[in-house]
Every structure is written in C-alpha cells, then in structure tokens.
Amino acid sequence: MDQQLKAVSKFLSYILRHRPEAIGLELNAGGWAAISELIQCASKHDHFLSEEIIKKVVISNDKQRFKISEDGQYIRASQGHSIRVDLDLLPLNPPTVLFHGTATRFLASIMEKGLLPSGRQHVHLSASYETAIAVGRRHGKPTVLEINAQKMQGDGYLFYRSENGVWLTDRVPTQYFVEVE
Ligand code: HQG
C-alpha cells in the first residue's frame, strides 16, 4: 500500500472505530458515516480527503478494514471498534479451533483473567495461526493461544465473523485456551 493510502487508512480507522468526535463527525447506530460529511468534517481539521481517495483506500486495503454501503453514500469500519456500534452480526458456527495472537508480556494477566476485549467491543480471533502470530507481533514478542471454539459454543458462547473475516466473541475464559508451543 502506498504511504498516502496507508496514512488515510490509519486516519479512517481512528475516526470510524474510536473517535469520530475528534472531527465533529456523527456515526449512525450501525457505525456508518456519510462520506460527504466525513470529507467535510475532516477538512475542518486539516485532513483533506476526497471521495476518490476514500474509495481507493477501501478497495486497496490489505485487511479490507472498511466497507462502503451499497448506495455508495456511507462508509464504516468492519471491526475493531472501541465505541458502541451495532454491526448487525449474526452468530455463526465457528471452526473447531480459533487462534488469538498476543504478546508474551500479557500472558500472566490473560492466564488469570481470560481474554478480555481490552477497550474494544470484542475479543479478536483468527482462523489461522499465521494471522494470529502477525497480530501478536504488533504488541511485542508474539505468542499464540489456541481456543477451543467448539467447546465454547457448546457452552453457549456466541461467535461472530466481521465483514472482513475476523472472528469475534465477547470474552474467552481461561478453561477454553492453551498456549501453542
Ligand atoms: C490483550 C488488528 C492482559 C490481547 C488485528 C491483546 C485485530 C489482555 C491486547 C485487531 C487480556 C488488546 C485487534 C488480559 C486480552 N490481560 N491483556 N486479560 N485479554 N489482552 O489491539 O486482538 O490492523 O485491542 O491479547 O488484526 O491485538 O487494527 O486487540 O494483545 O483484528 O485492523 O490485550 O486489530 O486489526 O489489543 O487486535 P488490541 P488485538 P487492524
């Protein structure tokens, strides 16, 4: 991704997942922002966007972080929110196991309290070990937990999958995971 697109992607993640009010933007209950308002609010705060650059970011984004509505008027982040939004996700049957990448320095606390959303709306899980390792690396020396998703589901926990393929659940108590050696 070129540097300009990456910078816009980071800005959009910040605004659409965490702090729309930083530029005076309002999201609707589903987390959607009108693209025209987003451009207007951003420009008042010295971030100059255009419909063209926004669409380019959405299409080229490595993780498909954003989604444009069918009528082309609205945009939202597909996951990762710390603000309350209703993504209208339906519970899905998860694969037998899922993975969570984290940093070794968090392990003691995780082993005590389980996996908690830590400021986001959900705990983020991935279907592949490789993705989990990459997520863990963002925080330091990575390690991966294998989650017995099937057992959790049997015990009544719900799983969702975001538009861009990230598995989400509310929390993961300690009895459902082991560290992958
Ligand atoms: C850890 C990226 C201590 C948790 C990725 C993680 C993902 C605990 C950190 C998305 C804990 C939270 C989210 C406990 C959990 N004690 N630490 N009890 N429970 N943690 O960034 O999952 O590139 O909020 O292990 O691909 O790392 O932004 O979550 O290390 O999908 O699109 O607390 O962000 O996507 O960190 O990453 P984060 P995450 P984007």
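Me: Helices (H or I, at least four residues) and strands (E, at least two) are DSSP runs, numbered from the N terminus. This is a predicted model, where local features need pLDDT of at least 70, side-chain atom pairs count only at pLDDT 80 or more, and totals for chains, interfaces and linings use all residues. Residues are numbered from 1 along each chain as its sequence is written, and side-chain values use heavy atoms, without hydrogens and water. Which residue follows α2?

Reply: Look just past the end of α2, a helix of residues 35–44. The residue there has a positive phi, near 65°. It is Asp-46.

Me: Which residues of α2 are buried?

Reply: Buried means under 20% relative accessible area, exposed over 50%, partly exposed in between (1.4 Å probe, protein chains only). The cover over the buried residues of α2 includes α1, β1 (33–34), α3, β2 (66–68) and β3 (74–77). Under that cover sit Ile-35, Leu-38, Ile-39, Cys-41 and Ala-42.

Me: Now the ligand. How far is a polar side-chain atom of Ser-109 from a nitrogen atom of the ligand?

Reply: Ser-109 is among those that come nearest of the 19 residues around the ligand (a heavy atom within 4 Å). Arg-17, His-100, Arg-120 and His-139 also belong to that nearest group. Arg-17 has a polar side-chain atom 2.7 Å from a ligand oxygen, and an N or O atom in the Arg-120 side chain is also 2.7 Å from a ligand oxygen. For Ser-109 and the ligand nitrogen, the distance is 2.5 Å.

Me: Why does Gln-153 count as partly exposed?

Reply: Gln-153 sits in helix α6, residues 149–154. Gln-153 counts as partly exposed because its relative accessibility is 29%.

Me: How many residues apart in sequence are Gln-153 and Asn-93?

Reply: Contact means heavy atoms within 4.5 Å. Beyond its neighbours within four places in sequence, Gln-153 is in contact with Leu-92, Asn-93, Pro-94 and Phe-159. From C-alpha to C-alpha, Gln-153 and Asn-93 are 7.7 Å apart. In sequence, the gap is 60 residues.

Me: Is Thr-169 buried or exposed?

Reply: Thr-169 belongs to strand β8, residues 167–169. Leaving out residues up to four places away in sequence, Thr-169 touches His-122, Val-123, Leu-125, Met-152, Leu-158 and Phe-159. Its relative accessibility is 1%, so Thr-169 counts as buried.

Me: Which residue has its backbone oxygen 2.7 Å from a polar atom of the Thr-169 side chain?

Reply: Thr-169 touches several residues, including Met-152 and Phe-159. The backbone oxygen at 2.7 Å from its side chain belongs to another residue that Thr-169 touches, Leu-158.

Terms used: A residue is near a molecule or strand if one of its heavy atoms lies within 4 Å of it. A polar contact is a pair of N or O atoms within 3.5 Å; within protein, one must be able to donate a hydrogen and the other to accept it, and residues adjacent in sequence count only if both atoms are side-chain atoms.
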